[in-house]
Amino acid sequence: MHPATADLCDAHSDVVKVCQTLFRSFGQVSAFHGPIRTLSVLDDNALVRQTLERPGQGAVLVVNGGGSLKRALVGDNLAKLAIDNGWAGIVVHGAVRDVAVINTMNVGVKALGTVPLRADRDAIGEIDIPTAFGGVIFTPGDWLYADEDGLIVSPHRLHD
């Protein structure tokens, strides 16, 4: 059972930061948590693929796509990589596609919305640096908790 973000906020209001961005949930996993890994990209998902091809070890990949809905940064193939390589979930501050397929998969994906156009593949972006959206700074190594109520971030693990 995943710890509820509302309960964690009540118990740890002194350390928890609440993301003020409203995300849609995709995939069959609606709640996930883990240490944060980050990418900052714009309409380009080559670094997303390269990252998801590596072992996730229970981490959450936070992709700051600048809020762009022009091109999808994650689709069903990348969601499958996340499952196969042990990622806890993916948060995309941007768009995803192939949601009919993703919604049948044992994966948790939070994104702003959908668009059918695939992303560029030029490998332009930044890996594992602090990135911000929704009033929260996502720092690699901090912990992210996501569920139906939203996303929260803590500088350390909040549950047993």
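In which strand is Arg-24 found? Select Arg-24 in the viewer: the residue belongs to strand β2. The model on display is a predicted one, and the tour starts from this residue.

**First stop: Arg-24**

With Arg-24 selected, display its surface. The residue counts as partly exposed because its relative accessibility is 43%, a value between the limits of 20% for buried and 50% for exposed. Next, show the residues around Arg-24. Apart from neighbours within four places in sequence, Arg-24 is in contact with Val-109, Lys-110, Ala-111, Leu-112, Gly-113 and Thr-114. Then add Gly-108 to the selection. Gly-108 and Arg-24 are 84 residues apart along the chain, and their C-alpha atoms are separated by 11 Å.

**Second stop: the aromatic rings**

Select Phe-23, Phe-133 and Phe-138, which form one aromatic cluster. The count of aromatic pairs in the model comes to 3. One of them joins Phe-23 and Phe-133 in an edge-to-face arrangement, with 6.0 Å from centre to centre and 65° between the planes. This pair links distant parts of the chain, as its two members are 110 residues apart. Phe-23 lies in the loop between β1 (17-18) and β2 (24-26), whereas Phe-133 is in strand β9 (residues 131-133). Is Phe-133 buried or exposed? Phe-133 is buried, because its relative accessible area is 5%, and buried means under 20%.

**Third stop: the largest pocket**

Move now to the largest pocket, which holds about 150 Å³ of space. Its lining consists of 14 residues; to find the centre, select Asn-45, Gly-75, Arg-97, Asp-98 and Arg-121, the closest of these residues to that point. Colour strand β5 (72-74) and helix α3 (76-84) as well, since these are the elements that give two or more residues to the lining. Colouring the lining by residue class shows 5 nonpolar, 3 polar and 6 charged residues.

**Last stop: Asp-98**

Keep Asp-98 selected, as this residue is among those closest to the centre of the largest pocket. Where in the chain is Asp-98 placed? Asp-98 sits in the loop between β6 (89-96) and α4 (99-102). Its relative accessible area is 30%, so Asp-98 is partly exposed. Leaving aside neighbours within four places in sequence, Asp-98 is in contact with Gly-75 and Asp-76. Of these two contacts, Gly-75 also appears among the residues closest to the centre of the pocket. Finally, the UniProt record, an unreviewed entry, carries the annotation "binding site" covering Asp-98.

Conventions
Residues numbered from 1 in each chain as written. Predicted model: local features only at pLDDT ≥ 70, side-chain atom pairs only at ≥ 80, totals over all residues. Heavy atoms only, no water. 1 Å grid on protein atoms, 1.4 Å probe; cavity = no way out; pocket = protein on both sides within 12 Å on 5 of 7 lines; lining within 4 Å. Points joined across faces, edges and corners; volume = space filled by probe spheres on them. Helix = DSSP H or I, 4+ residues; strand = E, 2+ residues; numbered from the N terminus. Nonpolar A, V, L, I, M, F, W, Y, C, P; charged D, E, K, R; others polar. UniProt positions renumbered as here; feature names shortened; annotations may be inferred. Buried < 20%, exposed > 50% of the residue type's maximum accessible area, 1.4 Å probe, protein only. Contact = heavy atoms within 4.5 Å. Phe/Tyr/Trp six-rings, centres within 6.5 Å; stacked < 30°, edge-to-face > 60°.
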